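Here are some notes to read alongside the structure, written as numbered points. Please keep the sequence open as you go, and look up each residue as it is named.

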Amino acid sequence: MDLLEIIVLAVLQGLTEFLPISSSAHLILPSRMLGWEDQGLAFDVAVHVGTLAAVIVYFRAEIIRLLQGWLTTGFTRHPNADGRLAWYVALATIPAGLAGLLLNDWIEVNLRSTAVIAATTIGFGILLGVADRVRHGRAGLGEITLLMAMVIGVAQMFALIPGTSRSGITITAALLIGMQRVDAAKFSFLLSIPLILAAGGLKTLELAEQSTAVDWQSLILGIVISAVSAWICIYYFLAFINRIGMMPFVVYRLILGAVLLLFFV
């Protein structure tokens, strides 16, 4: 990989992991438009490490509180708010985790096409817009219930379909069940931590079974760039989401899906 490829792909991973715009749709375009070869498994692992580092650093205070609450009261009959939320994050991760183990190979073979990605980019983009327009909720993280957490967790299963957007579908579900925008996004980001960790771990195991040479310089650069871009993305997304709403992302998804349908299907 040359420097331009590393920068573009790492920035795309950092931004699209957390914005509701679909990472798989964006990773198609560079290879199709510029003729780039697949970046390889090692680079995939590197940029996952970068985005994981970004979300952990950004939410470090919240993560520490959740872990403390879980360890001190999480196994009692009456856990405190932090211990309860930690359980909700863990339990809401299970549906997508199980679906990934059972369906990942089938999805890789049957659904990883440009047509599917274009259709889901548009379809779930429209659903995000509807959720944002009809929302009347004001629930924050402190008001989330187990049922609400599990609804978001089940919705996260659809992110296995390329083009859906993990953050997009979880924020959509959170808005539809009554959460306010910022807290919907925060829960989505917290929910990403175990999944990114699991995905990165699986890719690392796959990489360990390969005997190809590793370009450590490219990998370290990919980690740094994806981490920085992901941190900036989280910061500005949370800062402006109440002002701008979801419609800019909906419009962007519709345009992106149309471009994929018109030029790459």
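1. Which residues line the second largest pocket? In this model, which is predicted, the lining is made up of Ile63, Leu66, Leu67, Trp70, Ala86, Trp87, Val89, Ala90, Leu190, Ile193 and Pro194. The elements that give two or more residues to this lining are helix H4 (60-73), H5 and H9, and the space in the second largest pocket comes to about 260 Å³. Sorted by class, its lining has eleven nonpolar residues, no polar ones and no charged ones.

2. The largest pocket has a volume of about 1,700 Å³. It is lined by 50 residues, of which His48, Asn104, Glu108, Arg112 and Lys203 are the closest to its centre. Several helices give two or more residues to this lining, among them helix H1 (3-16), helix H2 (23-34), helix H3 (41-58) and helix H8 (166-176), while the largest share, eight residues, comes from H5. By class, the lining of the largest pocket holds 21 nonpolar, 18 polar and eleven charged residues, a mixture to set beside the second largest pocket, where the lining has no polar and no charged residues.

3. The next point concerns the nonpolar cores. As background, nonpolar side chains in soluble globular proteins tend to be buried together. In this model the largest nonpolar core has 48 residues, and those that touch the most other members are Ile144, Met179, Phe187, Phe189 and Phe237. Helix H9 gives the largest share of this core, nine residues. A second, separate core has 13 residues, including Trp36, Val45, Leu207 and Ile225.

4. Phe187 deserves a closer look in the viewer. If its neighbours within four places in sequence are left aside, Phe187 is in contact with Leu85, Tyr88, Val89, Ala92, Leu141, Ile144, Ala149, Ile152 and Met179. One of these partners, Val89, also appears in the lining of the second largest pocket, and two others, Ile144 and Met179, are listed with Phe187 among the core residues that touch the most other members.

5. Is Thr120 buried or exposed? Thr120, which lies in helix H6, has a relative accessible area of 10% and therefore counts as buried, because that value is under the 20% cut-off. Its side chain reaches two backbone oxygens, that of Ile117 at 3.1 Å and that of Pro162 at 2.7 Å. Apart from residues up to four places away in sequence, Thr120 touches Gly125, Ile161, Pro162, Gly163, Thr164 and Arg253, so that Pro162 is both a residue it touches and the owner of a backbone oxygen that its side chain reaches.

6. Ala119 is also placed in helix H6, but its relative accessibility is 45%, and it therefore counts as partly exposed, a class that lies between 20% and 50%. Measuring along the sequence, Ala119 and Thr164 are 45 residues apart, whereas in space their C-alpha atoms are 9.0 Å apart.

7. Leu260 lies in helix H11, which covers residues 247-264, and it is buried, with a relative accessible area of 0%. Without its neighbours within four places in sequence, the contacts of Leu260 are Ala25, Ile28, Leu29, Thr114, Ile117, Ala118 and Val265. Leu160 stands 100 residues from Leu260 along the chain, and the C-alpha atoms of these two residues are separated by 19 Å.

Technical notes. Residues numbered from 1 in each chain as written. Predicted model: local features only at pLDDT ≥ 70, side-chain atom pairs only at ≥ 80, totals over all residues. Heavy atoms only, no water. 1 Å grid on protein atoms, 1.4 Å probe; cavity = no way out; pocket = protein on both sides within 12 Å on 5 of 7 lines; lining within 4 Å. Points joined across faces, edges and corners; volume = space filled by probe spheres on them. Helix = DSSP H or I, 4+ residues; strand = E, 2+ residues; numbered from the N terminus. Nonpolar A, V, L, I, M, F, W, Y, C, P; charged D, E, K, R; others polar. Buried < 20%, exposed > 50% of the residue type's maximum accessible area, 1.4 Å probe, protein only. Polar contact = N/O pair within 3.5 Å; in protein donor to acceptor, adjacent residues only side chain to side chain. Contact = heavy atoms within 4.5 Å. Core = buried A, V, L, I, M, F, W, Y, C linked by side-chain atoms within 4.5 Å.
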